[in-house]
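Today I am sitting down with a fresh model and a list of things to look up. Here are my notes, in the order I took them.

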Amino acid sequence: VKGVGLREAAMINKSLTTLGMVISALAKKGSGQKGVFIPYRDSVLTWLLKESLGGNSKTVMIAALSPADINYEETLGTLRYANRMKQIMNVAKVNEDPN
């Protein structure tokens, strides 16, 4: 991979890494830790997903797993990621106009 493709791959990896950091921070906050900084602004992806991840919404995560031995490491990583997502606690409230 060279040139533009390499830069795009690097940006995708940065966004996914930042998404993992945001999810970890939200999981810590959900477990009761105070003063946890959530780095939404570190990537465009996390900035766009801010309301879905830690805002006023209900969010569902679907994890695609494989029973094949060759995909063991990837499946284990996906399960760990899903477990962190499960620890995020959002309280969705209906937004109503008081008038």
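I started at Thr46, which touches Thr18, Leu19, Val22, Pro39 and Tyr40, leaving out residues up to four places away in sequence; contact means heavy atoms within 4.5 Å.

A note on the source before I go on. This is a predicted model, where local features need pLDDT of at least 70, side-chain atom pairs count only at pLDDT 80 or more, and totals for chains, interfaces and linings use all residues. Residues are numbered from 1 along each chain as its sequence is written, and side-chain values use heavy atoms, with hydrogens and water left out.

**Thr46, continued.** I find Thr46 in helix H2 (residues 44-48); helices are DSSP runs of H or I with at least four residues, numbered from the N terminus. Is Thr46 buried or exposed? Thr46 is buried, at a relative accessible area of 0%. My cut-offs are under 20% relative accessible area for buried, over 50% for exposed, and partly exposed in between, with a 1.4 Å probe and protein chains only. I also looked up Gly5, whose C-alpha is 22 Å from that of Thr46, with the two positions 41 residues apart in sequence.

**Helix H1.** H1 covers residues 3-30, 28 in number, and its first and last C-alpha atoms are 41 Å apart. That is close to the 40 Å expected at 1.5 Å a residue, where the expected span is 1.5 Å times one less than the number of residues. Its buried residues are Ser15, Thr18, Leu19, Gly20, Val22, Ile23, Ala25, Leu26 and Ala27. Their cover includes H2, helix H3 (50-54) and helix H4 (72-86). Just after H1, I noted a positive phi of about 105 degrees at Gly32.

**Gly35.** Gly35 sits in the loop between H1 and H2. I list Gly35 as exposed because its relative accessible area is 82%. Its C-alpha is 10 Å from that of Ala25, 10 residues away along the chain.

**The core.** Which residues make up the largest nonpolar core? I get 10: Leu19, Val22, Ile23, Ala25, Leu26, Ile38, Tyr40, Leu53, Met85 and Ile88. H1 gives the most to this core, with 5 residues. Such a core is a set of buried Ala, Val, Leu, Ile, Met, Phe, Trp, Tyr and Cys residues joined through side-chain atoms within 4.5 Å. Ile88 is in contact with Ile23, Leu26, Ala27 and Leu53, setting aside neighbours within four places in sequence.

**Helix H4.** I checked three residues here.
- Thr75 lies in H4 and counts as buried because its relative accessibility is 14%. Beyond its neighbours within four places, Thr75 is in contact with Leu65 and Ser66.
- Gly77 is in H4 too, and at 34% relative accessibility I call Gly77 partly exposed. The C-alpha atoms of Gly77 and Leu65 are separated by 9.9 Å, at 12 residues apart along the chain.
- Lys86 belongs to H4 and is exposed, with a relative accessible area of 60%. Lys86 and Ile23 are 63 residues apart in sequence and 9.6 Å apart in space, C-alpha to C-alpha.

**The pocket.** What lines the largest pocket? I find Ser52, Leu53, Ser57, Lys58, Thr59, Val60, Met61, Met85, Ile88, Asn90 and Ala92. On a 1 Å grid over the protein atoms alone, a pocket is an open set of points where a 1.4 Å probe fits, with protein on both sides within 12 Å along at least five of seven lines, and lining residues have an atom within 4 Å of a point. Its volume is about 200 Å³, the space filled by probe spheres set on the points.

Definitions and conventions
Helices (H or I, at least four residues) and strands (E, at least two) are DSSP runs, numbered from the N terminus.
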